[in-house]
Structure formats: C-alpha cells, structure tokens
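Colleague: I would like to go through the inside of this model with you. Shall we take the empty space before the packed parts?

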Amino acid sequence: MAASRLGIVARRVGGAIPSLVGVVVVTFVLTRSLPGDPAVYFAGLMADAESIAATRARLGLDRTWIEQFVSYVERLFAGDWGVSLQTGRPVLTELSQRLPASLELTLAGLLFAIGVAVPLGVLAATRPNSWVDHLCRVVVTAGVSLPTFFTGLFLVYLFYFLAGVAPSPLGRLDFIYFSPPHVTGFYTIDTALAGDWWTFRGALAQLVLPALTLGLFALAPIARMTRASMLAALSADFVRTATAMGLSRRKVLWTYAFGNAFLPVLTTLGMVFSFLLGANVLVERVFSWPGVGSFAIDALVASDYAAVQGFVLAMALLFVAVNLLIDVIYTLVDPRVGLEG
Amino acid sequence: MAEALRKPFGGHFLYVLRENPVTVLAFAMLCVILFAAAFGPMLAPYDPLASNAMNALRPPSAAHWFGTDHLGRDVFSRVLVATRLDLAISVAAVALSFVVGSTLGSLAGFYGGWVDAVIGRITDTIMAFPLFVLAMGIVAVLGNSVENIVYATAVVNLPFYIRVARAEVSVRRTAGYVEAARLAGNSEARVLALTIFPNILPPMMVQISLNLGWAILNAAGLSFIGLGVRPPTPEWGIMVAEGATYIISGEWWLALFPGAALMLAVFCFNLLGDGLRDLIDPRKRT
C-alpha cells in the first residue's frame with residue numbers, strides 16, 4: 001500500500017517532465033524569435049560590430065537550431081540565464097534576490113483568500129438558493145471582476161490617504177526600519193525569528209494591503225469550487241447516513257462533508273496560483289513592491305529581453321513546481337488513490 | 001441537453017430570468033456598454049484629447065461629471081470614448097481564440113489519436129505558464145503594439161476553447177444523430193462541420209462570455225504596465241495607470257472612473273456567462 005503510493009508520487013513527478021520540456025521549448029522560441037537580430041539585442045545598446053559578433057558566437061546563433069537549443073538548455077542548467085541590461089548583473093541573481101518578496105506577497109494573498117473563500121463557500125452550500133447564496137455569488141463575481149491594479153489603488157486611497165492607517169505604498173519596509181537578517185527572505189518570518197517585533201509590525205503593515213488586493217481576486221474560484229463540491233458532498237449517501245446516525249451537525253458538516261469536498265478545492269488552488277502569479281505583477285507595480293514582477297516590468301519597458309525571458313521562465317517553472325506539489329499532496333491525502341488499480 | 005431544449009426555449013429563458021434576477025441586471029448593463037461603444041464618440045461632451053492646462057485636476061462638477069485629469073482633459077469623455085477600443089481589443093482577441101481554439105479542439109475530439117495527442121500537448125504547454133506572464137512574454141517578443149496585445153490575449157485564451165470544444169465534440173462523436181448523418185452518406189469532415197459543430201455552440205457561447213471579461217482585464221492589465229495602447233489614446237487601463245500617480249495626493253477621480261468602467265464591463269460579462277450557463281445547463285451551476 002505504502003509502496004504503491006510512493007510509486008504514484010514518483011509517476012506524478014515524472015508526469016511533470018513534459019510540461020517542463022514544453023516550458024523550456026517555448027522560452028527558447030521566445031528568445032530566438034525576437035524581431036531582427038537577437039545578437040544585436042543581447043549585446044546591448046553600446047555594442048559595436050565586434051561585440052555583436054562575439055555575442056553571436058557566445059549565444060551560438062551561427063549554428064543550427066538544434067545545436068542552439070542544446071546549448072540553451074546547457075546554459076540554463078549551468079545557471080547562466082544571461083545578463084540583465086539594466087543592472088548589468090546576472091538575471092538569475094536578480095530573480096533569486098527578488099523572488100522571496102514576490103512569494104511572501106503571493107502566499108499571504110492566497111492564505112487570505114482561502115481563509116475567507118472556504119467558509120463563504122460552505123455557508124452558501126448549506127443554504128442553496130437563499131439570499132446568502134445569491135449574495136455570496138455576487139460578492140465573489142465582483143471580486144474576480146475587479147482589476148487588481150484598480151483594487152490596489154482604491155485601497156491605498158481609502159486606507160492611506162483618507163483613513164491614514166496604512167503606511168505609504170512604497171515597498172516592503174518603511175525607511176525608518178532596518179531590513180531583518182536574511183534567513184528565509186520573507187520579512188515577516190525573518191523579523192519574527194529575530195524577535196524584532198517592532199520591525200515585524202512594520203513589515204506586516206506594508207504587506208496587508210497588497211495581500212488583500214491579491215486575495216480579493218482569488219476569492220471567486222475558491223469559493224465557487226468549495227460551494228459546488230460541498231453541495232455534491234452534502235447530497236452524498238454517507239452524509240445522509242451520518243446525519244441519520246445522530247452525529248452533530250458540526251461533525252457531519254466539517255468532518256464528513258468538508259473532508260471530502262476539500263480535494264477538488266485543492267486542485268483548483270493550482271489554477272488560482274497561476275492567476276496570482278500574473279496578478280502579482282500588477283500589484284507589485286501599484287505598491288512599488290521590490291519583487292520579480294516590478295523587475296520584469298522595468299525590463300519590458302527597457303527592452304531588456306534576457307531579463308524578461310528569465311522572468312517568464314522562472315514563473316513557469318515555479319508554476320509547474322506548485323502544480324506538482326498539489327498533485328503530490330492530493331495523492332498523499334486522498335485514501336482512495338492507489339486502491340482502484 | 002442543449003439540443004433538447006430548443007422547443008420550449010422562450011419559456012425556459014423567462015424562467016431562468018425570473019429565478020435569477022442578477023442575469024436581468026447583466027443584460028441591462030450589456031445594453032448600456034454596447035450603446036456606449038457604438039455612440040460614445042458622438043455622445044462625449046468634450047474632445048477626449050483636448051487638453052486645457054487652466055482647468056487641470058478639477059474634481060467632478062456639473063460641467064465635468066467625472067472631473068478633469070492632469071492635462072485638463074474631461075475624464076467622462078475619455079471613459080466614454082475608451083469603451084469602443086477596450087471592447088474592440090477583447091472581442092477581437094476572443095473571436096480569434098474562438099475560431100482557432102474551437103477548430104483545433106473539434107479536430108482533437110473528433111479524430112482522437114495523434115491529432116488529439118499533439119493538440120493536447122500544445123494546450124498543456126500553454127497552460128504550464130501563468131497566463132498573464134506568458135502574455136507579457138509574447139508582447140515583449142512580438143513588439144509593443146495594440147495588434148500584438150490582441151494576439152497575446154488570443155494565445156493565452158486558446159486552451160479554454162480547445163478544452164471545451166474537444167470535450168463537447170468527443171461526447172457527441174457517436175451520438176445517434178451523428179451516426180444517422182454518416183449513414184446518409186456525409187463525409188467525416190462534413191459530419192463534423194455541419195452536424196456536430198453547431199451543437200457545441202451553446203457551451204462555447206458560455207465560454208466566450210466568461211472569457212470576454214477576462215480578456216478585457218488582461219488587455220487593460222497589459223496597458224496598465226505600459227504595453228500596447230500608448231498615451232494619449234483614451235483606454236481604461238492606461239487611464240488608471242495615469243491616475244495612479246495622483247491617488248496618493250487625493251485626486252481620486254482620475255483613476256476611479258476608468259477603473260469602475262472596467263470593473264462594470266467585466267462584471268457584466270461574468271454575470272452574463274453565469275446566466276447563459278444556467279440557461280444551457282442548469283446542473284453546472286456553481
């Protein structure tokens with residue numbers, strides 16, 4: 001039983017390989033289909049004929065497509081993702097320094113969304129077609145219809161300009177604080193580990209509004225999926241049996257119904273994560289958050305292609321990894337997996 | 001299913017509207033948006049591009065309902081005129097992905113085998129990217145223009161159409177009426193195009209409506225970060241971006257009104273999609 005489950009996990013990991021190959025092929029095509037001569041772009045603005053020729057040789061643009069692809073993959077694995085034109089530093093270094101900021105924001109938004117959307121979905125499912133249900137539907141549809149950049153600005157106006165309770169929307173920490181010693185790169189966790197609760201409050205205050213903005217956007221898919229799968233679970237025979245056996249409503253609802261309804265919700269989280277990684281770019285822009293999204297926007301505006309492609313590739317790899325993680329959790333949590341074979 | 005619903009459709013339509021007052025609201029909003037897109041430039045009280053430095057950053061008033069922006073342009077006129085461009089971008093993108101996506105999906109669902117495998121692989125690869133991020137990458141490569149925003153939005157929406165079309169075609173592939181069309185001597189391609197394809201249109205319509213909202217958001221998001229539409233063209237995303245600078249100093253009307261227009265349009269298409277889905281398949285309601 002345990003062995004077969006391990007086998008299934010291994011198969012899931014193997015199943016992610018085609019996606020990885022697809023991602024690398026697409027980013028390769030994106031790199032090579034730049035209008036004009038890629039060597040001119042990658043050599044930089046100040047390049048002369050000689051350095052363009054050197055770049056062409058370094059990128060292998062004078063060889064066949066297949067040879068180019070192989071060397072592209074080799075360089076990716078060796079950690080050579082090119083050099084950012086704007087900062088003059090390796091793209092991989094830039095991205096890995098900024099990734100914790102983006103991840104902290106995305107995860108905070110996701111946690112908020114799960115915390116609100118799951119109870120909302122359960123509430124709607126226990127009272128289908130009531131006013132609670134309709135209200136829930138309108139609220140979550142409104143949430144997904146809000147352009148994230150607009151929600152962010154509006155929250156800034158309300159809580160920074162009018163109410164004055166939020167700090168200025170400029171980055172992860174106000175300049176009066178020192179950044180915490182680097183452990184995880186998540187400021188809230190690092191400050192808590194260092195026991196620096198004053199800075200922790202500062203970091204948390206900066207995080208609340210952008211995380212709320214992201215979370216609002218993610219409410220709808222989670223709440224809808226929770227409602228749908230709760231409805232299905234509540235009408236199942238085992239719930240009727242549990243109710244007939246005289247178990248308390250709370251026990252029936254949360255242990256029996258929700259325990260089963262949670263798996264489809266878990267699967268939806270993958271898609272939600274994809275949305276969040278995209279919305280992250282816009283939210284980082286609004287709140288001047290120093291994450292990978294802001295970096296990518298600056299790179300786009302400056303035609304810094306190596307940086308843009310590094311960003312697209314990094315986000316896709318992250319997304320594939322998250323989907324794999326969800327698959328593996330699903331396999332480990334669902335007792336039915338491995339029994340049907 | 002949808003085929004069986006045809007006869008009492010009018011009655012069913014009224015029933016769904018009665019059951020779901022929200023859908024009526026969405027229909028009304030759609031009419032307003034289409035009206036603004038069609039007649040916006042004629043109705044606009046001011047020239048959306050005419051700047052007037054003497055009259056900059058004025059709050060909403062009787063003369064300027066939505067106030068004026070940092071160059072003294074009338075925000076109401078700009079929001080109104082932008083409707084057509086925003087709708088045009090998203091409708092063009094959705095139409096493109098509908099045509100390409102439903103063709104590929106139908107072929108995959110109908111023929112199966114290696115056709116299905118290849119098309120499925122393409123779908124999976126697009127879906128392996130966070131979609132907005134992929135759209136950014138495509139615009140970066142193709143070049144920064146409105147046309148390329150349309151292409152990028154179309155590409156990232158493709159998987160949804162491919163999947164729906166594939167699923168709907170493959171369940172109908174061996175249906176009785178399809179076998180009948182075959183026995184009547186129609187070629188396979190003709191059966192797919194004339195017998196099966198019209199029957200997958202209702203579920204595809206739901207997809208289109210849900211997708212239009214997300215296409216508008218996607219295009220506005222891209223122009224918010226400075227891709228596609230260039231100033232001074234009135235467009236909702238870029239107007240919010242221009243207004244963002246003034247939010248911190250309290251001039252809220254620059255960003256609020258275009259943002260609200262954007263939100264209402266997306267909200268309308270999302271509600272409409274839900275309503276259409278109830279109309280076509282009540283069991284799928286979530």
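Modeller: Yes. Bear in mind that this is a predicted model. With 30 Å³ as the lower limit, the number of cavities the structure holds is seven.

Colleague: How much space lies in the largest cavity?

Modeller: Its lining is made up of 14 residues. Those nearest its centre come from both chains: F217(A), A279(A), L282(A), F132(B) and W214(B). The space inside the largest cavity is about 160 Å³.

Colleague: Which element gives the largest share of the lining of the largest cavity?

Modeller: Two or more lining residues come from each of α8 (148-162) and α12 in chain A, and from each of α6 (131-142) and α9 (188-224) in chain B. The largest share is five residues, and the helix that gives them is α12(A).

Colleague: How many residues of each class, nonpolar, polar and charged, are in that lining?

Modeller: A residue such as Phe or Trp counts as nonpolar, while Asp, Glu, Lys and Arg count as charged. By these classes the lining has 10 nonpolar, four polar and no charged residues.

Colleague: Now the packed parts. Which helix gives the largest share of the largest nonpolar core?

Modeller: That core has 157 residues, and F149(A), F311(A), M136(B) and I225(B) have the most contacts inside it. The helix with the largest share gives 17 residues, spans residues 249-286 of chain A and is α12.

Colleague: Which residues of chain B is F311(A) in contact with, leaving aside neighbours within four places in sequence?

Modeller: In chain A, F311(A) is in contact with L95(A), V281(A), V292(A), G293(A) and A296(A). In chain B, its contacts are V133(B) and M136(B).

Definitions and conventions
Residues are numbered from 1 along each chain as its sequence is written. Chains are lettered from A and ligands numbered from 1 in the order in which they are written. This is a predicted model: local features need pLDDT of at least 70, side-chain atom pairs count only at pLDDT 80 or more; totals for chains, interfaces and linings use all residues. Side-chain values use heavy atoms; hydrogens and water are left out. A nonpolar core is a set of buried Ala, Val, Leu, Ile, Met, Phe, Trp, Tyr and Cys residues joined through side-chain atoms within 4.5 Å. Buried means under 20% relative accessible area, exposed over 50%, partly exposed in between (1.4 Å probe, protein chains only). Helices (H or I, at least four residues) and strands (E, at least two) are DSSP runs, numbered from the N terminus. Contact means heavy atoms within 4.5 Å. On a 1 Å grid over the protein atoms alone, a cavity is a set of points where a 1.4 Å probe fits but cannot get out, and a pocket is an open set with protein on both sides within 12 Å along at least five of seven lines; lining residues have an atom within 4 Å of a point. Grid points are joined across faces, edges and corners, and a volume is the space filled by probe spheres set on the points.
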